[in-house]
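Open the model in your viewer and keep the sequence panel in view. The tour begins at one element and then moves out to the whole chain.

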Amino acid sequence: MSDIIRLTAAELADKLAAGEVSSVEATQAHLDRIAAVDGDVHAFLHVNEKALDAAADIDRRRAAGEQLGPIAGVPLAVKDVLVTTDMPSTSGSKILEGYMSPFDATVVARSRAAGLVPLGKTNMDEFAMGSSTEHSAYGPTHNPWDLERIPGGSGGGSAAAVAAFEAPLALGSDTGGSIRQPAHVTGTVGMKPTYGGVSRYGAIALASSLDQVGPVTRTVLDAGLLHDVIGGHDPHDSTSLTDAWPSFADAAREGAGGDVLKGLKVGVVKELPDSGFQAGVAESFRASLDVLQAHGAEIVEISAPHFEYGVAAYYLILPAEASSNLAKFDSVRFGMRVDLNGGTVEDVMAATRDAGFGDEVKRRIILGTYALSAGYYDAYYGSAQKVRTLIQQDFTNAFAEVDVIATPSAPTTAFKLGEKIGDPLQMYLNDLTTIPANLAGVPGISIPSGLASDDGLPVGIQFLAPAREDARLYRVGAALEAALVDSWGGPLLDRAPVLGGAR
Amino acid sequence: MVSEITPDLVRHLGVLARIRLSDDEVERLTGQLDVIVDNIAKVSQVATPDVAATSHPIALQNVFRPDEVGQTLTHEQALQNAPDAADGRFRVTAILGEEQ
């Protein structure tokens, strides 16, 4: 396997700036890798035919002495939920097959402006509904650590792409854990920013009060570098915060020094006992807490009594909002239309939505329609919104005592493809630890904590911080990452099995 | 709260959501939704009257932009993904059925 694809984005950016590697070489190396392994992994739904042109343009501009951004020339994979003008955008659904957007999502436009080279669009659960990518209308993605297992979801394609060295950087979206849980099961890094920290303009909406776009990478520094490119106010997104943000790459570099852990108060949630997790996951989590403690952090037990209602509230709020957002797929203005040889617009619409949406999407639309219907609204949707308040209060109380909260990123390591597909409720419970952050709008990051001793698969640790304190997560995440990589003698992904083809 | 998911209710929800569900789908969804609703109904245990509802994770005021023409799609762009179009407009089948 080529050395170029093993580089982190930060390392590759340095070599590009120094002229040791061209963007065309870097892009070609990743395209070769995709050609070699993506038949097995299926991280990509579409590979960008113009990637080399974009790379050549960056090389020309650099040669001409133009001042380029810090990661210009680095290839980027884009989750298919983000619309792009030069590649189809399907959000993993048949109803949008072949859809070509007349505009770029803001995060894509900013990535292009920063000189990143879009390699292609990554696979995902249909409309980001799922935790395994098995709900993609285009077939599942396979976990590079074990091709029989799920890569997480909904952003399994982005996580698998960076884990399989098909891209150094990827964009994801996180509505209930779709960036962080795939990071957990693939031994990679995933960051969900503060709600409003990154523009959602051009992100095909799932649940508007929960969705957030963020970076998917192999290192905390790389996540910070990408976050710096995509973050900040966007007048096209009315929920976009107007805050001035610090450099998250700088925060990661500062954190890697390790001093940030001295005196850091790390909250551990009493209501998430080890018994709720696979033994190997709980063990890896505890070992990471020991490392934090050894570097001067203080572990403090906190109480978040309403977290246990988070999944229930989420599966009312999300379907309710999704059923509204997905009403736009009406067979009139874009997307699929079933030809009924007559029938009214409504007949065609209903037949199209039956044919174009997959099982999970229909399930959630019907559930959301139920939760919002007269007679049930107060009991279900109204109550879920109150739980949201209670979970926010849990966070407020906790952050009065601690600087960050730590949890395992998900209850288990990667499960087998097909294992939970027939049991939607079991699939939903997979998001237990990630959902509270979306309900409260706070940022969360998942970084690799090691391999589970019981099955040898990757485990992630999640850190949560108060809203707007994203930089704190980069400092703490980078500090723990540095300590762990040091103890392992190299990155966790060095221990991933070799994929077929390129060696 | 006792869940009351019945096949008739699911079929009705399908009509409201504009999804023409087959009988098989109705049967499958009825069983699945029953289990899911039983589980998520527990939100009412802690959602007491004294708790305020939160609709949005970070409080925001209405956001307005200046009332000026900004970026807009051209006719061609607006129609480029239309399943059917004619004379610069979206074309659809009959708006009203015979009984209307």
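Which elements of chain A do the buried residues of helix 4 pack against? Select helix 3 (23-41) and strand 3 (117-122) of chain A; these are what the buried residues of helix 4 pack against. Bear in mind throughout that this is a predicted model.

Now select helix 4 itself, residues 51-63 of chain A. Put a distance between the C-alpha atoms at its two ends: they are 18 Å apart. At 1.5 Å a residue, 13 residues should span 18 Å, so the helix agrees with expectation.

Next, show the side chains of A:Ala51, A:Ala54, A:Ala55, A:Ile58 and A:Asp59, the buried residues of helix 4. Turn the view to look down the axis of helix 4: its buried residues fall within an arc of 140 degrees, so they line one face of the helix.

Then go to the other side of helix 4 and select A:Arg60 and A:Ala63, which are exposed. Past the helix, select A:Gly65, where phi is positive, near 90 degrees.

Finally, zoom out to the whole of chain A and colour by secondary structure: there are 17 helices and 11 strands. The radius of gyration of chain A is 21 Å, close to the 23 Å that the globule rule gives for 503 residues, so the chain is as compact as a globular protein of that length. A box along the principal axes, filled by the C-alpha atoms, comes to roughly 65 × 55 × 45 Å. If you colour by burial, 64% of the 503 residues of chain A count as buried. For a contact map, take the contacts in chain A with a separation of 6 or more: residues 24 or more positions apart account for 77% of them.

How values were computed
Residues are numbered from 1 along each chain as its sequence is written. Chains are lettered from A and ligands numbered from 1 in the order in which they are written. This is a predicted model: local features need pLDDT of at least 70, side-chain atom pairs count only at pLDDT 80 or more; totals for chains, interfaces and linings use all residues. Helices (H or I, at least four residues) and strands (E, at least two) are DSSP runs, numbered from the N terminus. The expected span of a helix is 1.5 Å times one less than its number of residues. A residue is buried if 20 or more other C-beta atoms lie within 10 Å of its own, exposed if 12 or fewer, and partly exposed in between; C-beta atoms are placed from the backbone. The arc is that of the directions from the helix axis to the C-beta atoms. Two residues are in contact if their C-beta atoms, placed from the backbone, lie within 7 Å. The radius of gyration is taken over C-alpha atoms; the globule rule is 2.2 Å times the number of residues to the power 0.38.
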